[in-house]
Amino acid sequence: MHIETWLLLLESVLLAFTIALLLLSIKEGRARNALLLEVQKATKTLTRLEYFLVVAESMDEAKKEVLGSITGRMPHGGDIRRTREIVAAIRKAAKKGVRLRYLLPRFPDRLHIGYHYSRAGAEVRFSTCPVAHDLRYMVVDDRVVVLGVPEAVGKAEATKKGYRIVSEGLAAVLREHFESCWQKSTPYEQYMKEVLQQSGATPQSLARELSIDPQELARIVSLESPAGLQGS
C-alpha cells in the first residue's frame, strides 16, 4: 500500500508537470503568433512608406508633366502625414512649372483629396472609368512610371507597394489610358457642385463631412458653370 501511494503521487506530479508544459507551450505559441503578426504589420507599413517615398521622389524629379490615376481615399492614421508630404511635393513641382493632372474615382468622399491636390496646384478630375477605381499609377515626363500595387488583386484596396519603372513604352500606354478617361471625366469644381446639389447638404455641413475649408465650398458655389466645362 505504501508503494502504491508513492506511485500515485509520482503519477500525479508527472501529470501536473505535463499539464504545465502544455500550458506553457500554448502560451508560447500564442506569443509567437502575435510576434509574427506584429512583424507582418511592420513589413506592411514599410512597404506603404516605400510607395509614398517613391511617389514624392519621382515628382521631385519631374520637369514637365505628371499624370496620375489614384484611388484618392480620405487618409487616416499614418497616411495623413504621408498625404501631406505628397501635397507638399505637388506644390513644389507646380511652382517649378510642372503640369500635374490627377484622375480620381467619381465618389463624393474622394473630394477631400481632390480639394487638397487642387489647392496645391494640380488639375483634378473625377472619372467613371472602371479601371480608375482600382488601378493606380503615375507617369512622369513620359518616361518614368510609378505603379501602385493594392492589397488584394482586383479590389479597391489600399496600396501596398510601389514600383518605379523607367519605360517610355509603358508610359505611352498609360498616357493613352489617362487621356481617354480625362476627356470623359468631370472637373473638380463641377463635381463639387454636383455633389452639393444631389446631396442637398449645405456648404457648411459638406465641408465638415469632407474635412475641407468651408470658404472653398463658398468659392465654388459662387462660380458660374460655363457650357462645355466637362471634357474640356
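**Exercise 1. Work out what share of the protein chain is buried, and how its elements and contacts are laid out.**

*Solution.* Start with burial: of the 232 residues in the protein chain, 37% count as buried. Keep in mind that this is a predicted model.

Next, the surface. The protein chain has an accessible surface of about 13800 Å², and carbon and sulfur atoms hold 60% of that.

Now the elements. There are seven helices and seven strands. Read from the N terminus, their order is α-β-α-β-α-β-β-β-β-α-β-α-α-α.

Finish with contact range. Take the contacts with a separation of 6 or more: 69% of them join residues 24 or more positions apart.

**Exercise 2. Decide whether helix α3 is enclosed or open, and find what its buried residues pack against.**

*Solution.* Step one is a count. Helix α3 spans residues 111–120, and eight of these 10 residues are buried, so the helix is largely enclosed by the rest of the structure.

Step two, put names to them. The buried set of α3 is Leu-111, His-112, Ile-113, Gly-114, Tyr-115, His-116, Tyr-117 and Ala-120.

Step three, look for the partners. Those buried residues pack against the helices α2 (79–95), α5, α6 and α7 (214–222), and also against the strands β2 (99–105) and β3 (123–127).

One last detail: just after α3 comes Gly-121, with a positive phi of about 120°.

**Exercise 3. Describe how α3 and α5 pack, then zoom in on Tyr-191.**

*Solution.* Geometry goes first. The axes of α3 and α5 lie 11 Å apart, and the packing angle is about 145°. Their crossing is left-handed.

Then list the residues. From α3 the contact takes Leu-111, Gly-114, Tyr-115 and Ser-118; from α5 it takes Tyr-188, Tyr-191, Met-192 and Val-195. Sorted by class, this contact has six nonpolar residues, two polar ones and no charged ones.

Now pick out Tyr-191, which sits in helix α5. Its relative accessibility is 4%, and the cut-off for buried is under 20%, so Tyr-191 counts as buried.

What does Tyr-191 touch, leaving aside residues up to four places away in sequence? The list is Arg-106, Phe-107, Pro-108, Leu-111, Phe-126 and Thr-186. Take Leu-111 from that list: Tyr-191 and Leu-111 are 80 residues apart in sequence, while their C-alpha atoms are 8.5 Å apart in space.

**Exercise 4. Classify the α5/α6 and α5/α7 crossings, and sort the residues at each contact by class.**

*Solution.* Begin with α5 (residues 188–199) and α6 (residues 203–210). Their axes come within 10 Å and cross at roughly 115°. Angles from 65 to 115 degrees count as roughly perpendicular, and α5 and α6 are therefore roughly perpendicular to each other. The crossing is right-handed.

Who meets whom? Met-192, Val-195 and Leu-196 come from α5, with Pro-203, Leu-206 and Leu-210 facing them from α6. The class tally for this contact is six nonpolar, no polar and no charged residues.

Move on to α5 and α7. Here too the axes come within 10 Å, with a crossing of roughly 95°. That pair is therefore roughly perpendicular as well.

On the α5 side you find Tyr-188, Glu-189, Met-192, Lys-193 and Leu-196, and on the α7 side Glu-216, Leu-217, Arg-219, Ile-220 and Val-221. This contact divides into six nonpolar, no polar and four charged residues.

**Exercise 5. Find the backbone oddities in the loop between β4 and β5, and link the loop region to Val-166.**

*Solution.* First, locate the loop: Asp-141 lies between β4 (136–140) and β5 (144–150), and Asp-142 is found in that loop too.

Second, check phi. Asp-141 has a positive value of about 55° despite not being a glycine. For Asp-142 phi is near 55°, again positive in a residue other than glycine.

Third, exposure. Asp-141 has a relative accessible area of 26% and is partly exposed. Asp-142 is at 37%, which also counts as partly exposed.

Fourth, go to strand β6 (residues 159–166), where Val-166 is found. Val-166 is 24 residues from Asp-142 in sequence, and 9.4 Å from it in space, C-alpha to C-alpha. Setting aside residues up to four places away in sequence, Val-166 touches Arg-143 and Val-144.

Conventions:
Residues are numbered from 1 along each chain as its sequence is written. This is a predicted model: local features need pLDDT of at least 70, side-chain atom pairs count only at pLDDT 80 or more; totals for chains, interfaces and linings use all residues. Side-chain values use heavy atoms; hydrogens and water are left out. Helices (H or I, at least four residues) and strands (E, at least two) are DSSP runs, numbered from the N terminus. Buried means under 20% relative accessible area, exposed over 50%, partly exposed in between (1.4 Å probe, protein chains only). Contact means heavy atoms within 4.5 Å. Accessible areas come from the Shrake-Rupley method with a 1.4 Å probe; for residues, only the protein chains shown count as cover. Axes are lines fitted to C-alpha atoms, for helices over the stretch in contact, and angles run from 0 to 180 degrees between N-to-C directions. Angles under 35 degrees count as roughly parallel, over 145 as roughly antiparallel, 65 to 115 as roughly perpendicular and the rest as oblique. A crossing is left-handed if the near helix is turned anticlockwise from the far one by less than a right angle, and right-handed if clockwise. Ala, Val, Leu, Ile, Met, Phe, Trp, Tyr, Cys and Pro count as nonpolar, Asp, Glu, Lys and Arg as charged, and the others, Gly among them, as polar.
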